[in-house]
Amino acid sequence: MKTVILSLCAIFFSLNLQAQAETETSKDSKYESYMKETLALYDSVKTLSDYQEIVNRFDRIASAESKEWLPLYYAGLTNIYMSFVNGLESEQRDDYLEKALEYVNRAEALEGESSEIVLLRGYVFMAKVSVNPAIRGMTLSGKVSALFAKALEIDPKNPRANLMVGRWKYGSAQFFGSSTDEACAYMQKALAIYKNQPESNSIEPSWGENQAQQMSERCLGKE
Amino acid sequence: MYRHYLFIILLLISLTSSAQLKGIVIDQNEQPLIAVNIYLQGSYHGTSTDAAGEFALDQVKAGDTLVFSFLGFETKKWVLKSQHFQIYNRIRLKEAFNKLKAVSVSAGSIEVSDEQKAVVLNPLDVVTTSGALGDVIGALKTLPGTANNDSDGRLFVRGGSADETAIFIDGLRLGSAFGSSLNGIPTRSRFSPQLFKGSFFSTGAYSAEFGQALSSVLSLNSVDFPLRRQTDLGISSVGSSASHTEVWERQSLTSNFNYTNLKPYMAFVPQNIEFVEAPNGISTEFLFRQKVSKRGLFKAFYAYQYSGMEVLREQLESDQLQRTSLDNFFHHLNLNYQQDLNSKNLIDGGISFSANKDDIIQDSNIIGMNSKLLHMKVRHQYFATERLRLKFGAESFARFYDESLNGQSRDIANEQIAAFAEGDYHFNSDLVLKLGLRQSWYANSSYLMPRASLGYRLNQSSTLSLAFGDYVQEQSPAVLILENNLSSSKAQHLIINYQFNKGSHTFRIEAYSKVYQSLLRNQNNYFSNGKGYARGFDLFWRNRGGVKNLDYWITYSYIDSKRHWRHFENQVQPSFAPKHNASFVGKYWVAALKSQIGASFNINSGYTYDNPNLAGEMESVTKAYHSLNLSWSYLPRPNLIIHFEITNVLGRENVFGYQYSSTASADGSFSQMAIPQAAPRFIFLGIFYTISSDKKANQLNNL
């Protein structure tokens, strides 16, 4: 009996020690694996609540990892996606975008004005314009253009910066009925950068390829 | 020993295993909240509530702190106790107070800004309203509470005369806010709307921060920091303009140059007035911005304007034509500094100086008028809590005025100081109370002016508000120079307002009462014992985007106003306050034509005038005024705009009153002469081109 108890104790201790060692040595990998697990949820999103669950997860990671900007970045991005869900009142859309802006500010406080963060800020304002283009178009569009241009200037090889500059120019070309050539050139450039990127499983921002693909196809279809 | 091990085992079991925590998250109305984030503080571990608001969480234990967070609600921290594991927990979250979504007082005020909430008009509207001709005031005249007086051009609000409206730029008073003009020739406000990012227009019962305005306040906020380097060029039927903005890391400088000359235009378009020298002028503006440290901003604005004209006009009692020339010189300097001391304290202050000089030659008489205004102000805002904001400030106005006639001159100077304090408190998101007090000292008298307002949200889309206030304005220097011992005029405002906003619709109705005291009277000598009142109601309906690409609004204002003032023996309806006023404004974007097409129709029931051939005073009313205006903005490329606008398309011959001879003719009657429009219509054609790195930038703001 004594031996049984002793061995049980030993197992318990070793399990505990093992768990402790794991938390200390592979904190990064736990962070990464949890990030990856959460990022994988984007593939199965169906409802607003599914999106909210993703935001909640990033929020939790951010609360535990106070020095990481990526969870905040993705929480912001997901709020932007939520603002585009069909059937929302404009006030609700604005709520999500205000929240997105809050995350962008927090991410920027950690990471500074990097290309990805400036771009995300631009994306928030672009979404704000889309809530009420007639009213906000004139007053906010300058800000959106400036932010996208800045993101591209900081990192000309950022495919998302190329994509968003292209998307923005495409929208305005359509509104004014002018040529979309310039916009399409950006889209094609974005697509080329995406295609040349090595397949990676990193948690760094990598979204946008499908959109670049679709927009480029639309561009080709028009010609 | 044996017992020892058992103890350790039990301890280990209790530490590593734990029961499941179950419950539901609800709001104050017992409604379940879906997708609330629930997690162990400082860890990845957590869950979200399901579609029924329920949750189940394991691997937590007594002593852990759980965080409940949800958009729009206050985050709740909850320390777990062992009994929580045995019951079904009901967690109630409190709705967060959000200043942006809380009710605000809409009585009397019309905010022109980009924010979505309760906005009646946005900055773009100002410049795309047909008939406004790019003048802020022109657009405001289509709003409730205002009256059209096209022969004057200034802003007349709710039975108040034009000088009862004060205009502020970044909180500092703009002296001589309108260009000088000769009788019957409409003037314009001095600055292009492009300089401003938003404005606040109040038709009564405004904050304790504003003084020296009996009826209305227009507060313009200049652009904080321009976005980019940009050059704008414009040429039009009446002149040309050039503007350049340079932006550095921490500074920016915008320079504008304008040249106006109506001579070529008047050669094509007939006028009702004979001009010897067509209205012409130059103006230049400089705006400098400097960011100071992390949260400070210094703004400097300087403007210089010159305008001149000369006319020949028929006279009632002479066959001779009267020749009048006007040269106007205007300077304005506005220095403003604002600093966030910390997240709760904001201070700002500044100095503005306006100098206006009019040189008039009428036949052989040489007249000079020179007025200067120096305004200094400091203000401290304290955001005590989310719900409570306090504002304190002090200001001084110094006015200097001199006038001369054929070499003989006289002058006057006076000073007034004032202090104000105001607080607004949100009891909750649906109820706000604002209380303010203003004290001013002028000469030997002082005035204490209470102000109060209340906003209450009836339901999601409608708000009721009430506002009240006392206002004082000193007599104009042109009168004080003749009689220095006059007390200031006073007004008391009471306003009740109902506003409805839903989707693309805005509807508001506002009723008001304004009581005047100590108005100026002129019975051989000047007195300040006049009286008066104005009361009425306004209706406003706007639908923006309900029909795709169409935006329209309709305004109706009823004004019942009478005054016992100036030289009148009785209480009379002033000439500038027609009883019924209405505006219809529409704008439609036609993508296929790359054009915005606009129309506006303004109408009122006519202006009162005094006909000495009839018994009574101000007993007659002119025929109804109306004007139909059309505009067309064509944007072939985003940075190129061609704008065409024509006012009074129907050619209505509006009359603003009549002048009478001072002596009766042989048959005992006084001969009359109508005061017509300066021109049957105004035609504007302009081309505006913008050069910047952002190809979409344009000058819609200039139109």
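Q: What makes the strands 3-2-5-6 of chain B a sheet, and is the sheet open or closed?
A: In this predicted model, four strands of chain B are arranged in the order 3-2-5-6, with antiparallel pairing, and the sheet they form is open. Its edge strands are strand 3 (46–48) and strand 6 (76–79) of chain B, each of which pairs on one side only. From one strand to the next, the twist averages 20°.

Q: How do you know that strand 5 and strand 6 of chain B pair?
A: Pairing requires at least two bridges between two strands. Strand 5 (residues 65–69) and strand 6 of chain B have four bridges in the antiparallel sense, and therefore they satisfy the criterion of at least two. As one example, B:Thr65 has B:Val79 in strand 6 of chain B as its bridge partner.

Q: Why is B:Leu458 called partly exposed?
A: The relative accessible area of B:Leu458 is 42%. Buried means under 20% and exposed means over 50%, so B:Leu458 falls in between and is partly exposed. B:Leu458 lies in strand 26 of chain B.

Q: What makes up the nonpolar surface patch of about 640 Å²?
A: The patch is made by B:Leu454, B:Tyr456, B:Leu458, B:Leu464, B:Leu466, B:Phe468, B:Leu494 and B:Ile496. At least two of its residues come from each of strand 26 (445–459), strand 27 (462–473) and strand 28 (489–502) of chain B. Patch residues need over 30% relative accessible area; B:Leu458, at 42%, therefore meets that cut-off.

Q: Which domains does the assignment give for chain B, and what distance separates their centres?
A: The assignment gives domain 1 (14–92) and domain 2 (109–702) of chain B. Their centres, taken over C-alpha atoms, are separated by 57 Å.

Notes
Residues are numbered from 1 along each chain as its sequence is written. Chains are lettered from A and ligands numbered from 1 in the order in which they are written. This is a predicted model: local features need pLDDT of at least 70, side-chain atom pairs count only at pLDDT 80 or more; totals for chains, interfaces and linings use all residues. Side-chain values use heavy atoms; hydrogens and water are left out. Patches are made of residues with over 30% relative accessible area and no salt bridge: like charges are joined within 9 Å, nonpolar side chains (Val, Leu, Ile, Met, Phe, Trp, Tyr) within 5 Å. Accessible areas come from the Shrake-Rupley method with a 1.4 Å probe; for residues, only the protein chains shown count as cover. A salt bridge is a side-chain nitrogen of Lys or Arg within 4 Å of a carboxyl oxygen of Asp or Glu. Buried means under 20% relative accessible area, exposed over 50%, partly exposed in between (1.4 Å probe, protein chains only). Domain bounds come from an automatic or database domain assignment. Axes are lines fitted to C-alpha atoms, for helices over the stretch in contact, and angles run from 0 to 180 degrees between N-to-C directions.
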